[in-house]
Amino acid sequence: MKKIVYFGTDVFLPCFRYLVERVQVLALYTYHNDEDYFSEYKIVREAKARGIPVIWGRIGEERVRAFFEEEGCELFFSAEYGYVIPLPKGLPAFRGINVHSSFLPEGRGYYPIECAMARGLAETGVTMHKILPRPDTGAILFQEHIAVSPEMDSVDIYLESSRHALAMTRQLFADFDRHWNAAREQEKCLPPEVKPSDEVRLLDHGMCVAEALARHRRFNQMTLVRLGGRLCHVVTIEPGRAALPEPTVEIAPGRFLYGLADGHLRLTVLPQEKDK
């Protein structure tokens, strides 16, 4: 394996760092989403420092074909990429791998960790599988379970997923063809998880501090709060016990005190952008 194209963000940055030391990365495809706790900041910076082209957004079928038929690409490696990779018909050279933050076939879809937290699951996992036209359905190369303790939040699970993903990547590239050929088909194909609604991610003044912190534990930066008639993502949250003179107090741009039934929250927020 000599040439790959990488798709992803900082969630699985250790995988990217491992690969760039061993193969030629022809390009990095990435994207930005304010809902995501982990951004694309580090992976873009490191790619540019190495002279790797950075492309934002989707890849088209013609470009997929060109990578494999004209530029010698041998593998697409996708790890937390926000778009479906289109597979052109009649492209036998294509090989692609995706790292997914759930124990497939359960937890298909873009928000598997947040959905697992919303459902109160005691266990989730991470899966490395082949890329097929239908997302998250390809044959499985490796899987690991992740226990979810009451003290863990969604970021903890992403970090555990990243640790397992790096171990999987090391194992895969130690004997790529053997592991590729030994991949096992998924026994069933479940429907993808539905993104948690705004309502279940929203803070409100009637909550107690413990309820608000529990909601943020599940969703982190996907947690929402309504400020001045506008929905915002909660970037950071700290509890306070004092009552406020009014329900919401703006401290500075993007910083608020938010009154609750038994205290308040100290919030840093970002305005919610339209879903991609």
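This is a short dialogue on reading the cavities of a predicted model.

User: What kind of model is this, and how are residues numbered?

Analyst: The model is predicted: local features need pLDDT of at least 70, side-chain atom pairs count only at pLDDT 80 or more, and totals for chains, interfaces and linings use all residues. Residues are numbered from 1 along each chain as its sequence is written, and side-chain values use heavy atoms, with hydrogens and water left out.

User: How many cavities of 30 Å³ or more are there?

Analyst: Rolling a probe the size of a water molecule over the atoms shows where empty space is left. A cavity is a set of points, on a 1 Å grid over the protein atoms alone, where a 1.4 Å probe fits but cannot get out. Its volume is the space filled by probe spheres set on the points, which are joined across faces, edges and corners. Here the count is two. The largest holds about 100 Å³.

User: Which residues lie nearest the centre of the largest cavity?

Analyst: Lining residues have an atom within 4 Å of a point. The largest cavity has 16, with Asp 36, Tyr 37, Phe 38, Glu 114 and Tyr 158 nearest its centre.

User: Which helix gives the most to that lining?

Analyst: Helices are DSSP runs (H or I, at least four residues), numbered from the N terminus. Helix H5, residues 154–174, gives the most, with three residues.

User: What about the second largest cavity?

Analyst: The second largest cavity holds about 30 Å³. Its lining includes Thr 9, Tyr 31, Asp 36 and Phe 38.

User: Asp 156 is in helix H5. Why does Asp 156 count as partly exposed?

Analyst: Buried means under 20% relative accessible area, exposed over 50%, and partly exposed in between (1.4 Å probe, protein chains only). Asp 156 counts as partly exposed because its relative accessibility is 30%.

Notes: On a 1 Å grid over the protein atoms alone, a cavity is a set of points where a 1.4 Å probe fits but cannot get out, and a pocket is an open set with protein on both sides within 12 Å along at least five of seven lines; lining residues have an atom within 4 Å of a point. Helices (H or I, at least four residues) and strands (E, at least two) are DSSP runs, numbered from the N terminus.
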